[in-house]
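Hi,

Here is the structure I said I would pass on. Have a look at it first, and then read my notes below.

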Amino acid sequence: MDDLHIGTQSVRFDAPPSILSFAAIGGKKEQEGPLASYFDFLSGDTTFGQKSWEKAETQMQKTALRLALEKGKLKETDLDAAFVGDLLNQCIGSSFSVREFGIPF
């Protein structure tokens, strides 16, 4: 895919991207809810062991990425790009969560 990169953060696809794997992560409230069995990982700690919500969000997304890679039998180097975000548009946690993986997002 190197020939499809435009700069360091942009990619032009020849074909639509596909989802090879996914992971669903939840916290204490999801653990207590009726959909708990549908999550791949549930933390009893609402802040995932972190001192702030932003750090918890980052940890949650890192965990989701690692689990998705594991479920798909993939390595970090198999990824060309990551489309990250969350429901509340708090993109700071998203950007920090993939930063250590070296994946364009």
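Before the details, one cut-off: I call something a salt bridge when a side-chain nitrogen of Lys or Arg lies within 4 Å of a carboxyl oxygen of Asp or Glu. Please also keep in mind that this is a predicted model.

By that rule, the count comes to one salt bridge. The partners are D40 and K71, with their closest N and O atoms 3.2 Å apart, inside the 4 Å limit. The pair ties together distant parts of the chain, 31 residues apart: D40 sits in the loop between α1 (28-32) and β4 (41-42), while K71 belongs to helix α2. Is either end buried or exposed? D40 is partly exposed, because its relative accessibility is 34%. K71 also falls in the partly exposed class, because its relative accessible area is 39%. As a general point, side chains of opposite charge can pair when their charged atoms come close.

Now the overall layout. The protein has three helices and four strands, and reading from the N terminus the order is β-β-β-α-β-α-α. Of its 105 residues, 28% are buried. The exposed surface is about 7500 Å², with carbon and sulfur atoms supplying 55% of that. If you take the contacts with a separation of 6 or more, 42% of them join residues 24 or more positions apart.

How far should you trust it? The mean pLDDT for the protein is 81, and 79% of the residues score at least 70. Strand β4 has the highest confidence, at 94, and helix α3 (residues 91-99) the lowest, at a mean of 65. I'd read α3 with that number in mind.

Helix α2 is the one I spent most time on. It covers residues 53-71, which is 19 residues, and spans 26 Å from first C-alpha to last, close to the 27 Å expected at 1.5 Å a residue. At its start, a side-chain oxygen of S52 comes to within 3.2 Å of the backbone nitrogen of K55. The buried positions in α2 include A56, M60, T63, A64 and L67. In general, an α-helix has 3.6 residues a turn, so residues three or four places apart point the same way. The buried list for α2 also takes in E57, Q61 and K62, so have a look at those side chains when you open the model.

What comes after α2? K73 follows the helix, and its phi is positive, near 55 degrees, in a residue other than glycine. K73 lies in the loop between α2 and α3 and is exposed, because its relative accessible area is 77%.

There is another non-glycine with a positive phi: F48, at about 50 degrees. F48 is in the loop between β4 and α2. Unlike K73, which is exposed, F48 counts as buried, because its relative accessibility is 11%.

F48 also leads to the last spot, G26. This glycine is in strand β3 (residues 25-26) and counts as buried, because its relative accessibility is 1%. Leaving aside residues up to four places away in sequence, G26 touches F39, F41, L42, S43 and F48. Its C-alpha is 4.8 Å from that of L42, although the two are 16 residues apart along the chain.

Shout if you'd like to go through any of this together.

Cheers

Key. Residues numbered from 1 in each chain as written. Predicted model: local features only at pLDDT ≥ 70, side-chain atom pairs only at ≥ 80, totals over all residues. Heavy atoms only, no water. Helix = DSSP H or I, 4+ residues; strand = E, 2+ residues; numbered from the N terminus. Buried < 20%, exposed > 50% of the residue type's maximum accessible area, 1.4 Å probe, protein only. Contact = heavy atoms within 4.5 Å. Areas by Shrake-Rupley, 256 points an atom, 1.4 Å probe, with all protein chains shown as cover. Expected span 1.5 Å × (residues − 1). Polar contact = N/O pair within 3.5 Å; in protein donor to acceptor, adjacent residues only side chain to side chain. pLDDT = per-residue confidence, 0-100.
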